[in-house]
Number of protein chains: 4
Amino acid sequence: MAPGSSIGGAEDPAAQVSESEAEQEPVPQRLLTAATRLFAERGFETTSVQEIVDAAGVTKGAMYHYFGAKDDLLYEIYARILRVQTARMERAVDSAESIQQRLRAVAVDVVVTTVTHLDDTVIFFRSMHLLHPDKQAEVRAQRRHYHERVRRLIEEGQSTGAFRSDRSAELVVDFFFGAVHHLGFWYRRDGPMSGQQVGEQFADLLLDSLRPDSSG
Amino acid sequence: MAPGSSIGGAEDPAAQVSESEAEQEPVPQRLLTAATRLFAERGFETTSVQEIVDAAGVTKGAMYHYFGAKDDLLYEIYARILRVQTARMERAVDSAESIQQRLRAVAVDVVVTTVTHLDDTVIFFRSMHLLHPDKQAEVRAQRRHYHERVRRLIEEGQSTGAFRSDRSAELVVDFFFGAVHHLGFWYRRDGPMSGQQVGEQFADLLLDSLRPDSSG
Amino acid sequence: MAPGSSIGGAEDPAAQVSESEAEQEPVPQRLLTAATRLFAERGFETTSVQEIVDAAGVTKGAMYHYFGAKDDLLYEIYARILRVQTARMERAVDSAESIQQRLRAVAVDVVVTTVTHLDDTVIFFRSMHLLHPDKQAEVRAQRRHYHERVRRLIEEGQSTGAFRSDRSAELVVDFFFGAVHHLGFWYRRDGPMSGQQVGEQFADLLLDSLRPDSSG
Amino acid sequence: MAPGSSIGGAEDPAAQVSESEAEQEPVPQRLLTAATRLFAERGFETTSVQEIVDAAGVTKGAMYHYFGAKDDLLYEIYARILRVQTARMERAVDSAESIQQRLRAVAVDVVVTTVTHLDDTVIFFRSMHLLHPDKQAEVRAQRRHYHERVRRLIEEGQSTGAFRSDRSAELVVDFFFGAVHHLGFWYRRDGPMSGQQVGEQFADLLLDSLRPDSSG
DNA sequence: AATGAATGAGCGTTCATTCAT
DNA sequence: GATGAATGAACGCTCATTCAT
């Protein structure tokens, strides 16, 4: 992978304030930021490499020094959001709360993360098919890992009676994350609801379907 | 191109009725069918007009005779599935059944229709942003019309007490249709579940969230 | 293969004298002529497609309408000279002359043909390795076919005693054609010797090695 | 390439002792060895500087430290083989043997040297035109010097009656060396004949053409 | 002596669309 | 209605070379 493409990175603890004019960020980050915005605005295939490097203030040669191909940018965008969401989900799942609270935390969190990185999500589901098959497989595997962890959480709740058992855990997961992944099609950050609010309500809807039926 | 390399295949094992020699379908339909398959397989941007006309067994000139541009094909694919789904939804909504039964029918039906025309759905959500803005607006308006009709159905149920009122009808609609529109990412027609089965379970999950709470 | 790429072509039986200004020749021929000159002048990799189409007075699009890739031009240049040389060799080999006269005719002819199409020959041996492997294999097979026909002619002469038998027919063929294929490195059409003269002398040298030894 | 395959040969026959870990050879040689192999395998134009330095285990900066440009590598490869062949030819020509034996020794030797350094020869005749004109002129002059020395040897034999005089010494030289220079197109080191065997037979063919005619 | 990030010009190729026929 | 040759602009990518370190 390209150097400097880490995401969370706590680099630069010291303040290097004095950088007189240009490059605040390393080149790979600048490219990723520019690409994310442009891909979300006009689509992957409709954005030229020239537009990306112009927006990032570098040359094509520099880009190809760090990324092997245009769709490596796509891959990095995916990998980045996937890494963030997986790490957060695992923290929530493994917490000491009740199972309802843990599932609710996962649900709220994935909505909040999704709307925070809405561009990445939009790009992801619009353009995954344009990724090189090998990288596509990697991304799918990682996504599947995420879903399966959540499915096991639900099954755990079903086995203890915390959740009703006559709902397919797998289908509930596909249903819920389908709804989440579709947020990019309608959610507006400048609209009436915060990500947190949507997350709470989505969590309600998810838990509605798993609450043990008083009549059964 | 070699003579006889047309796509429909001149095999004619028996006499399939009166179609004496060539074209089973009119040219525009053949083009739409070919385009749908190719767009779903490899994406709109990645499919060339040449590939479409080859697959349809016609020439470029013929295509431009019927369609003003490549993205007119996209528009027609959208319009077609939208017309079908809207008509079916309206029939279900306006039936004489109970409101629960009507909402359930709508839910099952949109899932069944979606998986029946999975290619169209996949193309739709992947490529809508590539459509000419004017046509994109038309498509969005039609989609909104659909969602709003269903939202009003839910609100009607909430006002009569058939559905619980502490769920936002609008959000429930976005949530549910989000899940439905995402089917293309995981549903496989050759998998274990029929469209009808998924539809029934999705309907269960939708109604779970609207069933009046026995405790409140 | 591209339309109109035949070489000997007896087309144009009628005299179309009146063509007022431009295109004397069909586009594919114009491209091949321009490419041959440029490849010989500066090499295949050093000549850009843009230079070729400019020299031919057409656009890139037109070129790619007739040739699938830049190296299809190379292939056509090879195939053209190979076709000509093979046809002429076969005519000479199958004539009614004595075997010495037939071999001499082949030898003279391949030299004459080579210096007549010296550009093609130079390009051929300089750039064959840049051809797509599949096409390279085709070209090699055709070349081998040529060599083997001549080898059999020599073996025929050896079996009848017309040629001495203690020279390897195969090696003689490789030796002689090696010398011929190298003509492009030193022969100058504006130099002191005509192709016919070089051909006669090369033929002498070839036959020197096959003349039955008076002492053995 | 295996250690010890250097061209001048007498280095370190015993004592490969103290080379503790890495670089057996100095950087320029490593680059030349890598470049030779790659140019022969895929051609000069098709081999990137990056590939060469990777194969040599150095960086681009190191290469440009020793060689002014990519085609300096080409020039060095030419100069190297030319130096070797010229030195060996002069030794043979100036020996005390009969003129027939001296010409034969030259002929055998150039074949043996050529197949021993077949990669260099292949590169030479494929890519000489890509060399900077000045360096190309140097190389041609050196090559001409070689040919002329051999031509004078033949003329010497013709003037003494050792060789027949009705063959053009110049043409015989072009003919013979043409055949030799073409060895790279068909000779395989893993084939049935050793370089020595091919050399002997090539020498026979050369001398066949110069043997005084018993009938004239 | 050696690094490797960065340049910048140029490459082969694609492709939606047009238009004379 | 339909053809298919031709356009022309743009595309992703390569690469020899430079240069601050």
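Me: What makes the approach of A:Lys60 to a base nitrogen of DNA strand F a polar contact?

Reply: In this predicted model, a polar atom in the side chain of A:Lys60 lies 2.3 Å from a base nitrogen of DNA strand F. The cut-off for a pair of N or O atoms is 3.5 Å, and a distance of 2.3 Å is within it, so the pair is called a polar contact.

Me: Which atoms of DNA strand F do A:Tyr64 and C:Tyr66 approach, and why do these pairs qualify as polar contacts?

Reply: Each approaches a phosphate oxygen of DNA strand F: a polar side-chain atom of A:Tyr64 at 2.5 Å, and one of C:Tyr66 at 2.4 Å. Both pairs qualify because the distances are within 3.5 Å.

Me: Which residues come nearest to DNA strand F, and why do they count as near?

Reply: A:Lys60, A:Tyr64, B:Thr59, C:His65 and C:Tyr66 come nearest, out of 26 residues around the strand. They count as near because each has a heavy atom within 4 Å of DNA strand F. Of the strand atoms within 4 Å of the protein, 69% are sugar or phosphate atoms, and the rest belong to bases.

Me: How do you know which helices supply the surface near DNA strand F, and what classes of residue are present there?

Reply: Helix H3 (60-66) supplies at least two residues of this surface in each of chain A, chain B, chain C and chain D. By class, the surface has 11 nonpolar, 11 polar and 4 charged residues.

Me: What surrounds DNA strand E?

Reply: There are 28 residues around DNA strand E, and A:His65, A:Tyr66, C:Tyr64, D:Thr59 and D:His65 come nearest. Sugar or phosphate accounts for 65% of the strand atoms within 4 Å of the protein, with the rest in bases. H3 of chain A, of chain B, of chain C and of chain D each give at least two residues to the surface near this strand. That surface divides into 11 nonpolar, 11 polar and 6 charged residues.

Me: Which part of C:Val49, side chain or backbone, lies 2.8 Å from a phosphate oxygen of DNA strand E, and why is this a polar contact?

Reply: The atom is a backbone N or O of C:Val49. Its distance of 2.8 Å is within 3.5 Å, so the pair is a polar contact. By contrast, side-chain N or O atoms make the approach to phosphate oxygens of DNA strand E in A:Tyr66, at 2.5 Å, and in D:Tyr66, at 2.7 Å.

Me: How do you know how chain B and chain A are related?

Reply: A turn of 180° with a shift of 0.0 Å along the axis lays chain B on chain A with an RMSD of 0.1 Å. The two copies are therefore related as by a two-fold rotation axis.

Me: Why is it said that chain B and chain A meet through the same surface?

Reply: Of the interface residues of chain B, 100% are also interface residues in chain A, so the surface is the same in the two copies. In this interface, 32 residues of chain B are in contact with 33 residues of chain A.

Me: What area do chain B and chain A bury, and which residues of chain B lose the most?

Reply: The two chains bury about 3,100 Å² between them, with 65% of it on carbon and sulfur atoms. On the side of chain B, B:Leu171, B:Phe175 and B:Leu205 lose the most area to chain A, together 24% of what that side buries.

Me: Why is the pair B:Asp208 and A:Arg164 called a salt bridge?

Reply: The closest N and O atoms of B:Asp208 and A:Arg164 are 3.7 Å apart. The cut-off between a side-chain nitrogen of Arg and a carboxyl oxygen of Asp is 4 Å, so the pair is a salt bridge. Chain B and chain A have 5 salt bridges between them.

Me: How many salt bridges are found between chain D and chain C, and which helix gives the largest share of the side of chain D?

Reply: There are 6 salt bridges across this interface. C:Asp208 and D:Arg164 form a salt bridge, with their closest N and O atoms 3.7 Å apart. Helices H6 (118-127), H8 (169-181) and H9 (195-208) of chain D each supply at least two residues of the side that touches chain C. The largest share, 8 residues, comes from H8(D).

Notes. Residues numbered from 1 in each chain as written. Chains lettered and ligands numbered in written order. Predicted model: local features only at pLDDT ≥ 70, side-chain atom pairs only at ≥ 80, totals over all residues. Heavy atoms only, no water. Polar contact = N/O pair within 3.5 Å; in protein donor to acceptor, adjacent residues only side chain to side chain. Helix = DSSP H or I, 4+ residues; strand = E, 2+ residues; numbered from the N terminus. Nonpolar A, V, L, I, M, F, W, Y, C, P; charged D, E, K, R; others polar. Least-squares fit on C-alpha atoms with pLDDT ≥ 70 in both. Contact = heavy atoms within 4.5 Å. Buried area = accessible area lost by both parts, 1.4 Å probe.
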